Amino acid sequence: YHSHIDDSVNMLGLLMTGFPGIALTYVFGTLLTANGSLKQLNIVAFCGMILNISLNLILIPALYGKGSAIASMVTQLLTGIAQVWISILLFNVKFKNLFISKLVLFTGLVVLAAYLSKMMDNRLAGYLTAISASAVMALSLRLINLREMLLLFKKEP
C-alpha cells in the first residue's frame with residue numbers, strides 16, 4: 001500500500017494506545033473469571049459492547065477509519081479500567097502511597113524517555129535507548145527487584 005500512509009500511521013497509534021486496556025482485560029478478566037465473578041465481567045463486556053457500537057455509529061460517519069480506531073481505543077481502555085476497579089473492590093486491595101508515587105514517576109519518566117528518543121537520528125538507537133532507560137528507571141525506583149528476579153531463575157522446577 002502506498003496511499004493513505006499517514007492516516008494508517010495515526011490509526012495504528014490510536015489502536016496501540018488501547019493496548020494497555022487489552023492487557024488489563026486479559027489480566028483482570030482472568031482474575032475475575034477465576035474468582036467466579038462472571039456476572040460483573042459480563043456486565044462490563046456488555047457495557048463495552050454498547051459503548052463501542054455507539055461510538056462507531058457516531059464517529060465512523062464523521063472520521064471514517066480514524067473514528068473506528070478512536071472507538072476501539074476508548075472501549076478497550078474503559079473496559080480494562082472497569083475490570084481493574086471491580087477487582088480492587090472485590091478483593092479489597094489496599095495500595096501504598098509510596099508505590100503509587102513510584103508508578104506515576106516511572107510512567108512520566110518513560111513517556112519523557114520515549115519523547116526524547118524520537119529526537120535521535122537513528123530510530124533503532126532511539127528505540128533501544130528508550131527501552132534501556134525504562135529498565136534502568138524501573139530498577140532505580142525499585143519497581144523491579146533484581147535479586148528476587150535472579151532467584152526465580154535459579155529455582156529448580
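The loop between helix 4 and helix 5 is a good place to start, and N92 lies in it. The structure is a predicted model, so every value below is computed from that prediction. N92 has a phi near 50°, a positive value in a residue other than glycine. With a relative accessibility of 52%, N92 counts as exposed, because exposed means over 50%. From this loop, the tour moves to a surface patch, a pair of helices and several single residues.

**Two loop residues with positive phi**

- Besides N92, R142 has a positive phi, of about 60°, although R142 is not a glycine.
- R142 is found in the loop between helix 6, residues 123-140, and helix 7, residues 146-154.
- R142 counts as exposed, because its relative accessibility is 68% and the cut-off for exposed is over 50%.

**L143, in the loop with R142**

- L143 has its place in the loop between helix 6 and helix 7.
- A relative accessible area of 27% makes L143 partly exposed, because that class lies between the buried limit of under 20% and the exposed limit of over 50%.
- Leaving aside residues up to four places away in sequence, L143 touches F99, K102, L103, F106 and A138.
- L143 and L89 are 54 residues apart in sequence, and their C-alpha atoms are 24 Å apart in space.

**The nonpolar patch on the surface**

- Which residues form the nonpolar patch? They are L31, L90, F91, V93, F95, F99, I100, L103 and V104, and together they have about 730 Å² of accessible area.
- Two elements give two or more residues to the nonpolar patch: helix 4, spanning 65-91, and helix 5, spanning 97-117.
- Helix 5 gives the most to the patch, with 4 residues.
- V104, one of the patch residues, lies in helix 5.
- V104 counts as exposed, because its relative accessibility is 57%.
- F99 and L103 belong to the patch, and both are touched by L143 from the loop between helix 6 and helix 7.

**More residues of helix 5**

- N97 lies in helix 5.
- N97 is exposed, with a relative accessible area of 64%.
- How far apart in space are N97 and S8, C-alpha to C-alpha? The distance is 40 Å, and the two residues are 89 residues apart in sequence.
- L109 also has its place in helix 5.
- L109 is partly exposed, with a relative accessible area of 30%.
- The C-alpha atoms of L109 and M137 are separated by 7.7 Å, although these residues are 28 residues apart along the chain.

**Helix 1 beside helix 4**

- The axes of helix 1, residues 5-17, and helix 4 come within 8 Å and cross at roughly 10°.
- Angles under 35 degrees count as roughly parallel, so helix 1 and helix 4 are roughly parallel to each other.
- On the helix 1 side, the contact is made by M11, L14, L15 and T17.
- On the helix 4 side, the contact is made by G65, K66, A69, I70, S72, M73 and L77.

**Two residues of helix 4**

- T75 has its place in helix 4. Is T75 buried or exposed? T75 counts as buried, because its relative accessibility is 7% and buried means under 20%.
- Apart from residues up to four places away in sequence, T75 touches G48, L51, N52 and L55.
- S68 is also in helix 4, and S68 is partly exposed, with a relative accessible area of 31%.
- S68 touches N56 and I60, again not counting residues up to four places away in sequence.
- The C-alpha atoms of S68 and L15 are separated by 9.4 Å, and the two residues are 53 residues apart along the chain.
- L15 is also one of the helix 1 residues that make the contact with helix 4.

Methods:
Residues numbered from 1 in each chain as written. Predicted model: local features only at pLDDT ≥ 70, side-chain atom pairs only at ≥ 80, totals over all residues. Heavy atoms only, no water. Patch = residues over 30% accessible without salt bridge, like charges linked within 9 Å, V, L, I, M, F, W, Y side chains within 5 Å. Areas by Shrake-Rupley, 256 points an atom, 1.4 Å probe, with all protein chains shown as cover. Salt bridge = Lys/Arg side-chain N within 4 Å of Asp/Glu carboxyl O. Buried < 20%, exposed > 50% of the residue type's maximum accessible area, 1.4 Å probe, protein only. Axes fitted to C-alpha atoms, helices over the stretch in contact; angles between N-to-C directions. Parallel < 35°, antiparallel > 145°, perpendicular 65-115°, else oblique. Contact = heavy atoms within 4.5 Å.
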